[in-house]
Amino acid sequence: MASAFIATAAIPGVLPPVKTSEHWLVDGALVSRVPVDLLGRWRCGLKIAVNVVSDPKAEGSDLHADLRRAMNGPFGLGRVITRSWELLGVSHGTAEAQAADIVIRPRTHLLSGGDFGAISAFVAAGSAAAEQELSGILDAVDKLLRRRPR
């Protein structure tokens with residue numbers, strides 16, 4: 001279990017993958033940011049996704065402009081890689097979340113994923129976002145239960 005936890009930060013080229021006896025483990029975001037497709041394999045009746053990658057346009061930011069500024073600045077390679085990774089995350093996360101019935105979008109744009117001291121702030125953002133979607137979730141569950149033969 002500790003290997004899996006450490007691997008959540010493993011991005012080849014940045015932090016090394018974690019080797020177990022059977023597998024190489026890396027950050028799951030390398031494969032899927034919002035893995036809704038897995039829920040279909042398990043025949044889930046209601047797919048609820050949590051997309052923690054904020055849409056920069058909704059938050060008043062422009063990742064494309066930030067990326068252009070980073071490319072033109074001194075020592076820009078690190079910022080370009082970071083901004084490119086964020087842009088990829090927004091694009092893939094948004095596309096993958098579309099397969100969900102309900103998407104919870106915590107407001108995480110002001111928080112840093114690398115700030116482990118901010119865990120309670122992330123939890124609070126997730127709780128607030130779930131509260132906003134609660135009536136839709138309850139309605140969807142009610143509809144799902146009414147459709148089931150008894």
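**Figure 1. The chain follows the pattern α-β-β-α-β-α-α-β-α when you read along the sequence.** This is a predicted model, and its secondary structure comes to 5 helices and 4 strands. Of the 150 residues in the chain, 23% count as buried. The accessible surface comes to about 10700 Å², with 60% of that belonging to carbon and sulfur atoms. If you look at contacts between residues at least 6 apart in sequence, 54% of them join residues at least 24 apart.

**Figure 2. Here we zoom in on helix H5 and what its buried residues pack against.** Ala125, Ala129, Ile137 and Leu144 are the ones to look for, as they are buried in H5. The buried residues of this helix pack against strand S3 (48-50) and strand S4. Follow H5 along and you'll run into a kink of about 50°, centred on Glu133.

**Figure 3. Arg146 and Asp142 pair up in a salt bridge.** Their closest N and O atoms sit 2.8 Å apart. Both residues belong to helix H5, and with their positions 4 residues apart in the numbering they are about one turn of the helix apart. Arg146 counts as exposed, at 56% relative accessibility, while Asp142 comes in at 37% and counts as partly exposed. As a reminder, side chains of opposite charge can pair when their charged atoms come close.

**Figure 4. Asp37 and Arg41 make a salt bridge in this view of helix H2.** The N to O distance between the two side chains is 3.4 Å. Because Asp37 and Arg41 are 4 residues apart in H2, about one helical turn separates them. How exposed is each partner? Asp37 is partly exposed, with a relative accessible area of 45%, and Arg41 counts as exposed at 60%. A search of the whole structure finds 2 salt bridges, and the pair shown here is one of them.

**Figure 5. Ser32 and Glu96 are joined by a polar contact between their side chains.** The contact spans 2.8 Å. Ser32 is found in the loop between strand S2 (24-25) and helix H2 (37-41). Is Ser32 buried or exposed? At 15% relative accessibility it falls under the 20% cut-off, so Ser32 counts as buried.

**Figure 6. Val26, Leu30 and Val31 make a nonpolar patch on the surface.** The patch covers about 250 Å². One of its members, Val31, lies in the loop between S2 and H2, the loop where you'll also find Ser32. The relative accessible area of Val31 is 73%, which is over the 50% cut-off and therefore makes this residue exposed. Set that beside Ser32, which counts as buried.

**Figure 7. Arg107 sits in the loop between strand S4 (102-104) and helix H5 (119-147).** Its relative accessible area is 56%, so Arg107 is exposed. What separates the C-alpha atoms of Arg107 and Gly126? They are 19 residues apart along the chain, and the C-alpha to C-alpha distance is 7.7 Å.

Key. Residues are numbered from 1 along each chain as its sequence is written. This is a predicted model: local features need pLDDT of at least 70, side-chain atom pairs count only at pLDDT 80 or more; totals for chains, interfaces and linings use all residues. Side-chain values use heavy atoms; hydrogens and water are left out. Helices (H or I, at least four residues) and strands (E, at least two) are DSSP runs, numbered from the N terminus. Buried means under 20% relative accessible area, exposed over 50%, partly exposed in between (1.4 Å probe, protein chains only). A polar contact is a pair of N or O atoms within 3.5 Å; within protein, one must be able to donate a hydrogen and the other to accept it, and residues adjacent in sequence count only if both atoms are side-chain atoms. Patches are made of residues with over 30% relative accessible area and no salt bridge: like charges are joined within 9 Å, nonpolar side chains (Val, Leu, Ile, Met, Phe, Trp, Tyr) within 5 Å. Accessible areas come from the Shrake-Rupley method with a 1.4 Å probe; for residues, only the protein chains shown count as cover. A salt bridge is a side-chain nitrogen of Lys or Arg within 4 Å of a carboxyl oxygen of Asp or Glu. The bend at a residue is the angle between axes fitted to the seven residues ending there and the seven starting there. Contact means heavy atoms within 4.5 Å.
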